[in-house]
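Here are my notes on the model, as numbered points. Please read them with the structure open.

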Amino acid sequence: MKRGIQLFNFGKALGEDFKGALREIAKLGFEGVEFAAQYGDLAPDELAAFLKELHLECAGTMFSPDALLDKDNIAYEYAKKLNSPAVTISTPTASDFTQVWQEVADRCRKIGDVAAAHGVAFSYHNHWGEFTLVNGVSAMDRILDANDPDRVLMEPDVCWVTRGGGNPADFIRRYAKRIRQIHFKDMTDLNERYSTSVLGTGVIDLESCYRAALETDASWYIYEQDACDDPFVCARKSLEYMKQLDSKLR
């Protein structure tokens, strides 16, 4: 697996100077970046050329569901030009999954069909609400079971699986063939949404997640940290932890 970083971490810096921030991110040493809604107003060809200049790969592309439901949306050109492993959506964290899981499953099916017509993979990114039980079965399992495994892949976030009450290593193994990317995130307090921390400093069992990830078809494991005073400092420390995992467990 290659080491990636989620650009959500750098939203403010990217908004102020997209190219300049990406240049600084490239110096951190990650092999790829996963985009989260910000594409710098660059055309797909221009962004692809810029990543090549920075010696960065694309570890993923995240868009709104409405964008991906539109077969003519530029999102699909971004995905193809950047050689993205998947186009990805998520659902707002305030959602009540006892009520909306079927709607989310139907949305995933429709996007999966559109993406397949473009020759692009589609994946779903979880938060914690998806692990709410619906008649004894998690909403996440219901969403995935309702869809074609070749058209609706999964990008698990190991921190949010844990916060939702699930076992991320077991979840990764259960859906191993549907996983191309995995979010590695740590947090110090499962009850505090914004206690995300440098990898290896929180309560998430990242080692068991890494072992499980090695049994999947994942090509990327991607560091993300929702809250950090200095995202560049946190990223450097988290990359060192990822390198330690690689040398210890591979």
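Where does R193 lie? Point 1 takes this up, and the other points follow from there.

1. **R193.** This is a predicted model. R193 sits in the loop that runs between β10 (186-187) and β11 (196-197). Setting aside neighbours within four places in sequence, R193 contacts W128, W160, R163, M187 and D226. Its C-alpha atom is 10 Å from that of C159, and the two residues are 34 apart along the chain.

2. **K185.** Is this lysine buried or exposed? K185 has 1% relative accessibility, so it counts as buried. The cut-off for buried is under 20%. K185 belongs to the loop between β9 (181-184) and β10. Its contact list, without neighbours up to four places off in sequence, holds D157, V158, C159, W160, T196, L199, I204, L206, E224 and D226. One of these, L199, is 14 residues away along the chain, with 6.4 Å between the C-alpha atoms of the pair. Both R193 and K185 touch W160 and D226.

3. **V120.** V120 is placed in the loop between α6 (97-117) and β5 (122-125). Its relative accessible area is 10%, so V120 is buried. Beyond four places in sequence, V120 touches Y76, A79, K80, V87 and A115. For A79, the C-alpha separation from V120 is 7.3 Å, across 41 residues of chain.

4. **Positive phi in the loop after β2.** Most residues other than glycine have a negative phi. Two residues here deserve a look on that account. A37 has phi near 75°, a positive value in a non-glycine residue. D41 also has a positive phi, near 55°, and is not glycine either. Where do they lie? A37 is in the loop between β2 and α3, and D41 is in the loop between β2 and α3 as well. A37 has 63% relative accessibility, so it counts as exposed. D41 is exposed too, with a relative accessible area of 83%.

5. **Surroundings of α2.** Helix α2 covers residues 18-26. Its buried residues are F18, G20, A21, L22, I25 and A26. What do they pack against? The partners are β1 (2-6), α1 (11-16), β2 (32-36), α3 (44-53) and α11.

6. **α2 against α3.** Two packed helices are described by the angle between their axes and the distance between the axes. For α2 and α3, the axes come within 10 Å and cross at roughly 30°. The angle is under 35 degrees, which means that α2 is roughly parallel to α3. The crossing is right-handed. From α2, the residues in contact are F18, K19, L22 and R23. They meet E46, L47, F50, L51 and E53 of α3. By class, this contact has 5 nonpolar, no polar and 4 charged residues. F18 and L22 are also among the buried residues of α2.

7. **α10 against α11.** Helix α10 spans residues 206-213, and helix α11 spans residues 231-249. Their axes are 11 Å apart, and the packing angle is about 60°. That angle makes α10 oblique to α11. The crossing of α10 and α11 is right-handed. L206, E207, Y210 and R211 supply the α10 side of the contact. The α11 side consists of Y241, L245, D246, K248 and L249. Sorted by class, the residues of this contact are 5 nonpolar, no polar and 4 charged. L206 appears in the contact list of K185 too.

8. **The chain overall.** How many helices and strands does the protein chain have? There are 11 helices and 12 strands. The radius of gyration is 17 Å, close to the 18 Å that the globule rule gives for 250 residues, so the chain is as compact as a globular protein of that length. The C-alpha trace spans about 50 × 45 × 30 Å along its principal axes. Of the 250 residues, 56% are buried. Take the contacts between residues at least 6 apart in sequence: 75% of them join residues at least 24 apart.

Technical notes
Residues are numbered from 1 along each chain as its sequence is written. This is a predicted model: local features need pLDDT of at least 70, side-chain atom pairs count only at pLDDT 80 or more; totals for chains, interfaces and linings use all residues. Side-chain values use heavy atoms; hydrogens and water are left out. Axes are lines fitted to C-alpha atoms, for helices over the stretch in contact, and angles run from 0 to 180 degrees between N-to-C directions. Helices (H or I, at least four residues) and strands (E, at least two) are DSSP runs, numbered from the N terminus. Angles under 35 degrees count as roughly parallel, over 145 as roughly antiparallel, 65 to 115 as roughly perpendicular and the rest as oblique. A crossing is left-handed if the near helix is turned anticlockwise from the far one by less than a right angle, and right-handed if clockwise. Contact means heavy atoms within 4.5 Å. Ala, Val, Leu, Ile, Met, Phe, Trp, Tyr, Cys and Pro count as nonpolar, Asp, Glu, Lys and Arg as charged, and the others, Gly among them, as polar. The radius of gyration is taken over C-alpha atoms; the globule rule is 2.2 Å times the number of residues to the power 0.38. Buried means under 20% relative accessible area, exposed over 50%, partly exposed in between (1.4 Å probe, protein chains only).
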